[in-house]
Amino acid sequence: MQNRQQLIQAAAAAIHKYGIRGTTSARIQELSGLSRGMVNLHFGSKEKLLLAVAEELSARYAGQWKAIADSPELGPADKLISILKADFDPLVLNARDVAIWFSFRAEALSNPDIFPFIDSRDKSFRAVILELLQQIISEGGYKDVDAKLATDALIALLEGLWTDFHLHSDIFKPREALKICLFVLQSMFPGHFDFKSIS
């Protein structure tokens, strides 16, 4: 198990440094300190090892928001704010992992096995956001707000902010990103969100 995780971390480091195309078995071997045969032993091929990297990143990201969505102690607005905060948490939003994420996205159309792990239209995440917004609409009587359009807008905003982080991680401010999201939500749901509360 330790060798398997060591290979995943080495492959992730190689993708970060060299990109998907430049991540060779030799480079993974060098970074891991393990023999080339270990890749075949634990994963069967380099391609399956790279897929394991994508799967681990996806699982870490999903673990963040699913734990929040399943919390019985939070109301829908607090859950949504917590999910947004988690989206900008360094656990998932860090220069290495985001660079790897975008490297996988560059290969997704030519490698359908990767696609489910980096899909910006992930059905389970979208369904949770939609459900929370529907509950907020019901609570606040926001009859003029379309829950689906609001969901699409929020997810597109998150996608854009992640891209901004990827290109400008040195000046990106997570707190400002959260304020942007809350500013947009406040415009739709003025009784539930206050972007000014984020200092």
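A crossing of two helices is left-handed if the near helix is turned anticlockwise from the far one by less than a right angle, and right-handed if clockwise. Keep that in mind for the exercises below, which use a predicted model.

**Exercise 1. Get your bearings: how many helices and strands does the protein have, and what is its mean pLDDT?**

Solution.
- Step 1: Start with the secondary structure, which comes to ten helices and zero strands. Along the sequence this reads α-α-α-α-α-α-α-α-α-α.
- Step 2: Turn to confidence. The mean pLDDT is 93, and 99% of the residues reach 70 or more. Among the elements, helix H3 (residues 36-42) has the lowest mean, 85, while H9 has the highest, 97.
- Step 3: Look at the overall extent. Along the principal axes, the C-alpha atoms fill a box of roughly 60 × 30 × 30 Å.

**Exercise 2. Describe how helix H5 passes H8, and find which residues meet.**

Solution.
- Step 1: Locate the helices. H5 covers residues 76-87, and H8 covers residues 123-140.
- Step 2: Take the geometry. Their axes come within 9 Å and cross at roughly 145°. The crossing of H5 with H8 is left-handed.
- Step 3: List the partners. From H5 come Pro76, Ala77, Lys79, Leu80 and Ile83, and they meet Phe125, Val128, Ile129, Leu132, Leu133, Gln135, Ile136 and Glu139 of H8.
- Step 4: Sort them by class. This contact has ten nonpolar, one polar and two charged residues.

**Exercise 3. Work out how H9 runs relative to H10, and which classes of residue make up their contact.**

Solution.
- Step 1: Find the angle. Helix H9 (residues 147-167) and helix H10 (residues 174-188) have axes that come within 11 Å and cross at roughly 165°.
- Step 2: Apply the cut-off. Angles over 145 degrees count as roughly antiparallel, so H9 is roughly antiparallel to H10.
- Step 3: Add the handedness, which is right-handed for H9 passing H10.
- Step 4: Inspect the contact. Ala150, Leu154, Leu157, Leu158 and Leu161 in H9 meet Ala177, Ile180, Cys181, Val184, Leu185 and Met188 in H10. By class, that gives eleven nonpolar, no polar and no charged residues.

**Exercise 4. Do the same for H1 and H6: at what angle do they pack?**

Solution.
- Step 1: Helix H1 (residues 2-22) and helix H6 (residues 95-107) pack at about 60°, and their axes are 9 Å apart. That makes H1 oblique to H6.
- Step 2: The crossing of H1 with H6 is left-handed.
- Step 3: Among the H1 residues in the contact are Gln9, His16 and Arg21, and the H6 side includes Arg96, Ser103 and Glu107. The contact divides into eight nonpolar, four polar and three charged residues.

**Exercise 5. Explain why Arg60 and Glu56 are separated by about one helical turn, and describe how their side chains meet.**

Solution.
- Step 1: Both residues sit in helix H4 (residues 46-69), four residues apart, so about one helical turn separates them.
- Step 2: Recall that side chains of opposite charge can pair when their charged atoms come close.
- Step 3: The side chains of Arg60 and Glu56 meet in a salt bridge, at 3.5 Å from N to O. The whole structure holds seven salt bridges.

**Exercise 6. Find out which residues Arg126 touches, leaving aside those up to four places away in sequence.**

Solution.
- Step 1: Place Arg126 in helix H8.
- Step 2: Read off its contacts beyond those sequence neighbours: Ser120, Arg121, Thr151, Asp152 and Ile155.
- Step 3: Set this against Lys17, which is 109 residues from Arg126 in sequence and 31 Å from Arg126 in space, C-alpha to C-alpha.

Note on methods:
Residues numbered from 1 in each chain as written. Predicted model: local features only at pLDDT ≥ 70, side-chain atom pairs only at ≥ 80, totals over all residues. Heavy atoms only, no water. Axes fitted to C-alpha atoms, helices over the stretch in contact; angles between N-to-C directions. Helix = DSSP H or I, 4+ residues; strand = E, 2+ residues; numbered from the N terminus. Parallel < 35°, antiparallel > 145°, perpendicular 65-115°, else oblique. Contact = heavy atoms within 4.5 Å. Nonpolar A, V, L, I, M, F, W, Y, C, P; charged D, E, K, R; others polar. pLDDT = per-residue confidence, 0-100. Salt bridge = Lys/Arg side-chain N within 4 Å of Asp/Glu carboxyl O.
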